[in-house]
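Here is a request from a student who is meeting this structure for the first time: where should one begin, and what can be read from the atoms?

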Protein chains: 2
Amino acid sequence: MTTIKDIAKVAGVSITTVSRALNGYSDVNEKTRKKIMQVAKDLNYSPNTLARSLVMNKSKTIGLIVSGMTEANKKDNFTFEVLSGANDCISERDYDLVLFSTTTAKQREKTYSQLCRERRVDGAIVQGMKIDDPYLKEVIESDIPCVLIDIPIESDTVGYVTTDNVLGARKAVRHLIELGHKNIAMINGHNQAYVSIKRLEGYEKSLQEEGFPVNQSWILDGSFSEEKAYEQTLVLLRNHPEVTALFCASDLMALGAIKAAKALGMDVPRNLSVIGFDDILLSSYSTPQLSTVGQNIFQLGYQAANLLIDMLEVKTKSHVCILDTELIARESTCKAQNDQD
Amino acid sequence: MTTIKDIAKVAGVSITTVSRALNGYSDVNEKTRKKIMQVAKDLNYSPNTLARSLVMNKSKTIGLIVSGMTEANKKDNFTFEVLSGANDCISERDYDLVLFSTTTAKQREKTYSQLCRERRVDGAIVQGMKIDDPYLKEVIESDIPCVLIDIPIESDTVGYVTTDNVLGARKAVRHLIELGHKNIAMINGHNQAYVSIKRLEGYEKSLQEEGFPVNQSWILDGSFSEEKAYEQTLVLLRNHPEVTALFCASDLMALGAIKAAKALGMDVPRNLSVIGFDDILLSSYSTPQLSTVGQNIFQLGYQAANLLIDMLEVKTKSHVCILDTELIARESTCKAQNDQD
DNA sequence: TTGAAAGCGCTAACAT
DNA sequence: ATGTTAGCGCTTTCAA
């Protein structure tokens, strides 16, 4: 493997000059530069980033730390979208992406900062972590620049990217209200997720705004799981036949809810309007097609990377980025059937 | 950041001893080792893998080279499954995964071996490449150990992992034949993919085996695209009403084909049986649920990584791994309606 | 404009 | 069982 030493020898200059020429420094004679470039090409030279990183003390590498990659996550494609987005930005800005996937078990073996320091990543993006995750404390305590996805923690070295979940939830609920629904229930995700808390907040606010009471027995925990949502919806629909509309904190749960309604012989949307959150791929392929609040998960990843690299290169204004949502009305919601009229 | 030098100073030994102790060499006194371990812990030491890699001339890093990550690939989740599988194996075997996503444009800027050599990856997994891709030549010429996914090239340093596509296709066609179909058409992927060639081969073989003629006008190119398959199916169905069953080389194309049949007022499976290939997530959520030939894409990635690391660590027997498929009969195929009876 | 020399953190002969 | 020394490939003072 060719090194700058080899080039120096062939070109008849010192390694310093080669280094300077190759890195585009101005203080090198145009003629020698040409010569060096040519020799480098002839010798099929590739720089050794390991050596460079070692001496410069930065690796131009971003770690993407993903928690629980092997689980149900595949159904919503969330992780992959984030990864794609992050990867796009990272390669645009001439960094590399190394992937660390962790599990709760793994976190006991090796701490977050060990992970990052060993591989000498310049910074990290953290996705899929629950708010009670052991890594989270470390992230904050460590001095490694880090951007969290969907966890609102900010400090000198940590920022975050998330969607405006309160507003998103409000769009969903307002949509149902505009369709004439008054008895609107909610299937939420587990409460170790920040987004659950926010989506619930949006739900409650919207109802209060209209003077509708917030009925706690209409709010169930679907844990972001299709199956759990199925079961919970079954319970809900049996005990509360007055409910005509359902807001689910994720599309996957909405899909489960629709299955439950069907199992009870109900028609969606005629007997029950269902709206989800995310706009995953399945939503537009299911029957009926799912109405939902779309969030741009690719952008979540892209902006996370962008923010992080800004932080690394000290182009920093803010450490926070909030993305918008978009109401997508498809087939699973319709006007309330007004029996009283 | 703590280095072994710091540890040496505090522990009152030489850096060599520290290195040896930390790496579990036997020729170090148990007492000094204990001491060193303790100091390392106290100082919150993390080894610098950059430095280690530089001197050992291997990085314990695998490059995953993905082509065209931003495209339609999201719908079938193929890339993500491969990535998950590879990542699982790689972290089990104590390597790290760095992701390179390339496009045809990017390949002009930086060659495959440049990419690998710069980052000093020990080996590479290549996914999503077409058989006329410029990288492919480089992969073969380069001496960097490499495993290809779905491209059957083998040499001293390159191996491959793929599914038994001929047999898979035969399972699909045989399934249709067993249901009594005689006029079985095929929507294939583009022919820059090895898998297309193999699936076509399986299709033709199965027909010939039964003494059915292979009708070239029943074989169309859907380019692995849902939309293209939609269009092609429209053409096929209009021109060849005698066709009662359709084998698609991917589920996504099968979904497009079903849409086309519906658009022509046909019922699937009553008027047309459709079977796909892959068993993507959408297949079990669509209406009707798609019959298909399932391949284990996660395993494709996992085995690729496994094979590569075997090659790196010279535990090599073979450089090839062929995975099996599984027929999954769901709702989109049924018995042929025998008008003649 | 160029070169000599030091050093990034680590491993690995080769002594002792 | 431990230490001395050299060197991996590169960047960066400092001098010339």
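The questions and answers below turn to the DNA surface and then to a pocket.

Tutor: This is a predicted model, in which local features need pLDDT of at least 70 and side-chain atom pairs count only at pLDDT 80 or more, while totals for chains, interfaces and linings use all residues. Residues are numbered from 1 along each chain as its sequence is written, chains are lettered from A and ligands numbered from 1 in the order in which they are written, and side-chain values use heavy atoms, with hydrogens and water left out.

Student: Which residue has a polar backbone atom 2.6 Å from a phosphate oxygen of DNA strand C?

Tutor: A polar contact is a pair of N or O atoms within 3.5 Å. The backbone of B:Asn48 has a polar atom 3.3 Å from a phosphate oxygen of the strand. At 2.6 Å, the residue asked for is B:Ile4.

Student: Which element gives the most residues to the surface near DNA strand C?

Tutor: A residue is near the strand if one of its heavy atoms lies within 4 Å of it, and helices (H or I, at least four residues) are DSSP runs, numbered from the N terminus. With 4 residues, the element that gives the most is α4(B).

Student: How many residues line the largest pocket?

Tutor: The volume of this pocket is about 1,500 Å³. Among the residues closest to its centre are A:Lys110 and B:Arg52, and the number that line the pocket is 48.

How values were computed. A polar contact is a pair of N or O atoms within 3.5 Å; within protein, one must be able to donate a hydrogen and the other to accept it, and residues adjacent in sequence count only if both atoms are side-chain atoms. Helices (H or I, at least four residues) and strands (E, at least two) are DSSP runs, numbered from the N terminus. On a 1 Å grid over the protein atoms alone, a cavity is a set of points where a 1.4 Å probe fits but cannot get out, and a pocket is an open set with protein on both sides within 12 Å along at least five of seven lines; lining residues have an atom within 4 Å of a point. Grid points are joined across faces, edges and corners, and a volume is the space filled by probe spheres set on the points.
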